[in-house]
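Here are a few short exercises to work through with the model open beside you. Try each task before reading its solution.

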Amino acid sequence: MTDAARDRRELHQALADQLGERPADTLMAHLPDQPTPDFATRDDLLANTIMLRGEMAELRSELRGEMAELRSELRGEMAELKVSLQRFVVTTILAGNTALAVLIITAFGVITGLS
């Protein structure tokens, strides 16, 4: 029997003496069977925090760049739409004025008997 197994059995017996067999079994079921080197230390957590903050800063920088690019594209498209809308409005006004002038000339001709 290994030292770890013996230590686990002694711990279980001490828990059983104090808490009873069922609570001791429950508690032992939640403890790892083998000592593990995978527990995170404060230094591990600090290193991960620093790494994550660096990655977040990089992503934030990329996102800001992409947003600036999209903003620039949107402004360009809006300027194009503005010019297109201005042309449409001017064309519509000219067509309306032309139609109005034709109607006035026709009405004037009808009234004066020129037609």
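**Exercise 1.** Find the helix that holds Met67, and decide whether Met67 is buried, exposed or partly exposed.

*Solution.* Start with the location: in this predicted model, Met67 is part of helix α3. Next, take the relative accessible area of Met67, which is 43%. Partly exposed covers the range between under 20% (buried) and over 50% (exposed), so Met67 is partly exposed. As a last step, look along the chain to Ala29, 38 residues away from Met67; the two C-alpha atoms are 52 Å apart.

**Exercise 2.** Describe how α1 and α2 are arranged.

*Solution.* Two packed helices are described by the angle between their axes and by the distance between those axes. For α1 (residues 3-19) and α2, the axes come within 7 Å and cross at roughly 140°. The two helices are therefore oblique to each other. The crossing of α1 past α2 is right-handed.

**Exercise 3.** Place Leu31 and name the surface patch to which Leu31 belongs.

*Solution.* Leu31 sits in the loop between α2 (21-29) and α3 (42-112). Its relative accessibility is 33%, so Leu31 counts as partly exposed. Together with Leu11, Leu19 and Leu27, Leu31 forms a nonpolar surface patch with about 320 Å² of accessible area in total.

How values were computed:
Residues numbered from 1 in each chain as written. Predicted model: local features only at pLDDT ≥ 70, side-chain atom pairs only at ≥ 80, totals over all residues. Heavy atoms only, no water. Patch = residues over 30% accessible without salt bridge, like charges linked within 9 Å, V, L, I, M, F, W, Y side chains within 5 Å. Areas by Shrake-Rupley, 256 points an atom, 1.4 Å probe, with all protein chains shown as cover. Salt bridge = Lys/Arg side-chain N within 4 Å of Asp/Glu carboxyl O. Helix = DSSP H or I, 4+ residues; strand = E, 2+ residues; numbered from the N terminus. Buried < 20%, exposed > 50% of the residue type's maximum accessible area, 1.4 Å probe, protein only. Axes fitted to C-alpha atoms, helices over the stretch in contact; angles between N-to-C directions. Parallel < 35°, antiparallel > 145°, perpendicular 65-115°, else oblique. Left-handed = near helix turned anticlockwise from the far one by under 90°.
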